[in-house]
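Q: Please take a close look at one part of this model. I want the strand pairing, the ring contacts and the polar contacts in one connected account.

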Amino acid sequence: VLTMAQGVVVETISPGTGSPVTTKNSYKSMVTLYIENDDGSKTFSGWSTRKSDGAQADSPFEFQPGKGLIAGWTEGVLKMKE
């Protein structure tokens, strides 16, 4: 678990072993967004790409860091590997 400067918490479920994520490439990822409560528990935010978390079907989110994303998202994914 990594807490970023903007307060965004990144929890990596399956760490990558490839090249670092960059702003030059596009990526696909399965994502579920949560809000972390003061007691450390998580509340589902209402947005997911996983059927098991409420999406209509499993459908990866395609994105390019730094392009049309919230700053915290870009900051978090740039700490990851493919």
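A: What follows is a walk along strand S5 and its surroundings.

The model is predicted. Strand S5 covers residues 42-48. Its partner here is S4, residues 32-36. The two strands run antiparallel, and four bridges join them. One position shows the register: Ile35 stands opposite Thr43 in S5. Five residues lie between the strands of this hairpin. Within the hairpin, Gly40 takes a positive phi near 90°.

Now the rings. A pair of aromatic rings is described by the distance of the centres and the angle of the planes. The count of aromatic pairs comes to six. Take Tyr34 and Phe44. Their ring centres are 6.2 Å apart and their planes stand at 65°, so this pair is edge-to-face, the class for angles over 60 degrees. Tyr34 belongs to strand S4 and Phe44 to strand S5, so the pair ties together parts that are ten residues apart in sequence. Neither ring is buried: Tyr34 is partly exposed at a relative accessible area of 42%, and Phe44 is partly exposed at 37%. These values fall in the partly exposed class because buried means under 20% and exposed over 50%.

A second edge-to-face pair is formed by Trp47 and Phe61, at 5.4 Å centre to centre with 90° between the planes. This pair links distant parts of the chain. Trp47 sits in strand S5, and Phe61 sits in strand S6 (residues 61-63), 14 residues apart. Trp47 is partly exposed, with a relative accessible area of 34%. Phe61 is also partly exposed, at 23%.

Both rings of that second pair belong to a wider group. Tyr27, Trp47, Phe61, Phe63 and Trp73 form one aromatic cluster. Three members of this cluster, Tyr27, Phe63 and Trp73, also appear in the largest nonpolar core. That core has six residues, and Val21, Val31 and Val77 complete the list. Phe63 shows how these groups meet. Leaving out residues up to four places away in sequence, Phe63 touches Tyr27, Trp73 and Val77, and also Asn25, Ser26, Ser29 and Leu69.

Tyr34 has one further partner. The charged end of Lys42 sits over the ring of Tyr34, 5.8 Å from its centre.

Next, the end of S5. Ser48 is in this strand. Is Ser48 buried or exposed? Ser48 is buried, with a relative accessible area of 12%. Its side chain has polar partners on the backbone. The backbone oxygen of Val31 lies 3.2 Å from a polar atom of the Ser48 side chain. The backbone nitrogen of Arg50 lies 3.0 Å from a polar atom of that side chain. Val31 is thus met twice, as a core residue and as a polar partner of Ser48. Beyond its neighbours within four places in sequence, Ser48 is in contact with Val31, Thr32, Asp53 and Ala55.

Ala55 closes the picture. Ala55 is found in the loop between S5 and S6. At 18% relative accessibility, Ala55 counts as buried, because the limit is under 20%. Not counting residues up to four places away in sequence, Ala55 touches Ser48, Thr49 and Arg50. Ala55 and Thr32 are 23 residues apart along the chain, and their C-alpha atoms are separated by 9.5 Å. Ser48 is in contact with both Thr32 and Ala55.

Key:
Residues are numbered from 1 along each chain as its sequence is written. This is a predicted model: local features need pLDDT of at least 70, side-chain atom pairs count only at pLDDT 80 or more; totals for chains, interfaces and linings use all residues. Side-chain values use heavy atoms; hydrogens and water are left out. Buried means under 20% relative accessible area, exposed over 50%, partly exposed in between (1.4 Å probe, protein chains only). A polar contact is a pair of N or O atoms within 3.5 Å; within protein, one must be able to donate a hydrogen and the other to accept it, and residues adjacent in sequence count only if both atoms are side-chain atoms. Contact means heavy atoms within 4.5 Å. A nonpolar core is a set of buried Ala, Val, Leu, Ile, Met, Phe, Trp, Tyr and Cys residues joined through side-chain atoms within 4.5 Å. Rings of Phe, Tyr and Trp (its six-membered ring) pair if their centres lie within 6.5 Å; planes under 30 degrees apart count as stacked, over 60 as edge-to-face and the rest as tilted. A charge sits over a ring if NZ of Lys or CZ of Arg is within 6 Å of the ring centre and within 35 degrees of the ring normal. Two strands pair if DSSP finds at least two bridges between them.
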